[in-house]
Amino acid sequence: MKKNQVRLSQRVEGEGHGILVIGEERFQVPIVDIGLGGMRILAPKCMAMGMEVVMEVSEEYGVDAYICKVVFCQENEWGWQLGLEIVEQDERLLVIQIA
């Protein structure tokens with residue numbers, strides 16, 4: 001965390017993967033951790049700060065889709081670590097799984 005930066009919520013360790021949607025591209029990515037206002041993921045490529053993406057996260061009864069803004073991007077040994085701030089949950093992107 002950068003100096004003078006305040007974390008607004010506790011983070012919990014991520015479980016599993018989500019789908020990072022960038023335009024027409026879709027990438028399955030591991031979720032590192034999640035908080036009330038966002039999440040940290042490992043992505044296959046670097047993305048510019050402020051860029052908007054969609055993050056699809058599987059839930060018990062379907063998939064929740066979140067419109068997110070990239071707030072940081074750091075390279076590490078496993079790829080690119082991205083900090084995503086949830087801008088809004090887009091109900092139009094909600095996918096319902098019918099068993």
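**A walk through an eight-strand chain**

Hi everyone, let's start with one pair of strands: β2 and β3 run antiparallel to each other, paired over 6 bridges. Two strands count as paired if DSSP finds at least two bridges between them. Strands themselves are DSSP runs of E with at least two residues, helices are runs of H or I with at least four residues, and both are numbered from the N terminus.

Before going on, a word on what we are looking at. This is a predicted model, in which local features need pLDDT of at least 70, side-chain atom pairs count only at pLDDT 80 or more, and totals for chains, interfaces and linings use all residues. Residues are numbered from 1 along each chain as its sequence is written, and side-chain values use heavy atoms, with hydrogens and water left out.

Back to our hairpin. Across the pair, Val21 faces Arg26 in β3. The hairpin leaves 2 residues between β2 and β3, and Gly23 there has a positive phi near 65°.

Moving along, β3 also pairs with β4, again in the antiparallel sense, over 3 bridges. These two strands make a hairpin with 3 residues between them. Ile34 sits opposite Met39 in β4, and Ile31 has Ile41 of β4 as its bridge partner.

Now the whole chain. How many helices and strands are there? The count is 0 helices and 8 strands, so written in order the pattern is simply β-β-β-β-β-β-β-β. Of the 99 residues, 36% are buried; buried means under 20% relative accessible area, exposed means over 50%, and partly exposed is in between, using a 1.4 Å probe and protein chains only. The chain exposes about 7,000 Å², with carbon and sulfur atoms supplying 51% of that; the areas come from the Shrake-Rupley method with a 1.4 Å probe, and for residues only the protein chains shown count as cover. Taking contacts between residues at least 6 apart in sequence, 41% join residues at least 24 apart. Contact here means heavy atoms within 4.5 Å.

Let's go inside. In soluble globular proteins, nonpolar side chains tend to be buried together. Here, the largest nonpolar core has 17 residues, and Leu20, Ile41, Met47, Met55, Leu82 and Leu84 touch the most other members. A nonpolar core is a set of buried Ala, Val, Leu, Ile, Met, Phe, Trp, Tyr and Cys residues joined through side-chain atoms within 4.5 Å. Which elements give two or more residues to this core? They are β2 (17-22), β3 (25-34), β4 (38-43), β5 (52-59), β6 (62-76) and β7 (79-89).

Please find Ile41 on your screen, in strand β4. That strand is mostly covered, with 5 of its 6 residues buried. Why does Ile41 count as buried? Because its relative accessible area is 0%. Leaving out residues up to four places away in sequence, Ile41 touches a list including Leu20, Val29, Trp80 and Leu82. Met55 is also one of the residues Ile41 touches, and their C-alpha atoms, 14 residues apart along the chain, are separated by 9.8 Å.

Next is Val53, in β5. Val53 counts as buried because its relative accessibility is 2%. With the same sequence neighbours set aside, up to four places away, its contacts include Leu20, Ile22, Met47 and Tyr66. The C-alpha atoms of Val53 and Ile22 are 5.5 Å apart, although the two residues are 31 places apart along the chain. Leu84 touches Val53 too, along with residues including Gly37, Met39, Cys68 and Val71, again not counting residues up to four places away.

Here is a polar residue for contrast: Gln81, in strand β7. Is Gln81 buried or exposed? Gln81 counts as buried because its relative accessible area is 12%. Its side chain makes a polar contact with the side chain of Arg40, at 2.5 Å. A polar contact is a pair of N or O atoms within 3.5 Å; within protein, one must be able to donate a hydrogen and the other to accept it, and residues adjacent in sequence count only if both atoms are side-chain atoms. Beyond neighbours within four places in sequence, Gln81 is in contact with residues including Arg40, Phe72 and Asn76.

Finally, the cysteines. Cys68 counts as buried because its relative accessibility is 0%. How many disulfides does a search of the whole structure find? It finds 0, a disulfide being a pair of cysteine sulfur atoms within 2.5 Å. Cys73 is in no disulfide, and its nearest cysteine sulfur, that of Cys46, lies 3.2 Å away.

Thanks for listening!
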